[in-house]
Amino acid sequence: MKEALDALQDRLAPAEEIFFTWLTRVFVAATLVGSAWIDDAPPLEIAATLVAIYVAVRVATQYGRLAAAAPFQHRALRAIFAIGALMVLGLSFLVIVTLVERVALSAVG
């Protein structure tokens with residue numbers, strides 16, 4: 001049993017590296033976007049939207065890498081793993097943007 005868990009952890013390591021590399025980038029981008037959306041200056045909102053689109057496109061392009069690094073042999077499980085990881089990254093972006101906005105609103109109001 002321990003050998004099976006060790007084998008799974010070894011197969012999961014490349015996917016974890018990809019995921020956590022992008023998670024950090026998503027957190028930073030979401031903080032920047034949330035901070036820019038707080039202010040009502042149109043240039044900042046345009047820049048924030050461009051950053052959000054860029055990050056979304058870059059994260060979406062990681063599907064192939066995540067599917068290839070998935071610790072499963074079956075193609076459908078690899079796809080589910082990659083889609084799940086991308087969904088978690090997208091939800092993380094939304095959580096951080098919402099958090100930054102709420103903190104700013106509570107500080108102002």
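**A chat about a four-helix chain**

Modeller: Among contacts in this chain between residues at least 6 apart in sequence, 64% join residues at least 24 apart.

Colleague: OK, and is this predicted or experimental, what am I looking at?

Modeller: It's a predicted model. The mean pLDDT of the chain is 89, and 100% of its residues reach 70 or more.

Colleague: Where is confidence lowest, and where is it highest?

Modeller: It's lowest in α1, at a mean of 87, and highest in helix α3, residues 63–69, at 93.

Colleague: How many helices and strands are there?

Modeller: Four helices and zero strands. Starting at the N terminus, the order is α-α-α-α.

Colleague: Is the chain a compact globule or more spread out?

Modeller: More spread out, because its radius of gyration is 17 Å, well over the 13 Å that the globule rule gives for 109 residues. Along the principal axes, the C-alpha trace spans about 55 × 25 × 20 Å.

Colleague: How much of it counts as buried?

Modeller: 28% of the 109 residues. As for the outside, the chain exposes about 7400 Å², and carbon and sulfur atoms supply 70% of that.

Colleague: Which residues make the nonpolar surface patch?

Modeller: Met1, Leu5 and Leu8 make it, and it covers about 340 Å².

Colleague: Let's take Leu8. Where does it lie?

Modeller: In helix α1, which runs over residues 2–38. Leu8 counts as partly exposed, because its relative accessibility is 33%. For that label the value has to fall between 20% and 50%.

Colleague: And Asp10, buried or exposed?

Modeller: Exposed, because Asp10 has 59% relative accessibility, and the label needs over 50%. Asp10 is found in helix α1 too.

Colleague: How far is Asp10 from Ala29 in space?

Modeller: 30 Å, C-alpha to C-alpha, with the two sitting 19 residues apart in sequence.

Colleague: Switching topic: which helix is Gly90 in?

Modeller: Gly90 is in helix α4, residues 75–108. At 32% relative accessibility, Gly90 counts as partly exposed.

Colleague: What separates Gly90 and Val55?

Modeller: They're 35 residues apart along the chain, yet their C-alpha atoms are separated by 9.7 Å.

Colleague: So what's the quick recap for someone new?

Modeller: It's a predicted model with four helices and zero strands. The chain is more spread out than a compact globule, and 28% of its residues count as buried. Met1, Leu5 and Leu8 make a nonpolar patch on the surface.

Definitions and conventions:
Residues numbered from 1 in each chain as written. Predicted model: local features only at pLDDT ≥ 70, side-chain atom pairs only at ≥ 80, totals over all residues. Heavy atoms only, no water. Patch = residues over 30% accessible without salt bridge, like charges linked within 9 Å, V, L, I, M, F, W, Y side chains within 5 Å. Areas by Shrake-Rupley, 256 points an atom, 1.4 Å probe, with all protein chains shown as cover. Salt bridge = Lys/Arg side-chain N within 4 Å of Asp/Glu carboxyl O. Helix = DSSP H or I, 4+ residues; strand = E, 2+ residues; numbered from the N terminus. Buried < 20%, exposed > 50% of the residue type's maximum accessible area, 1.4 Å probe, protein only. pLDDT = per-residue confidence, 0-100. Rg over C-alpha atoms; globule rule 2.2 N^0.38 Å. Contact = heavy atoms within 4.5 Å.
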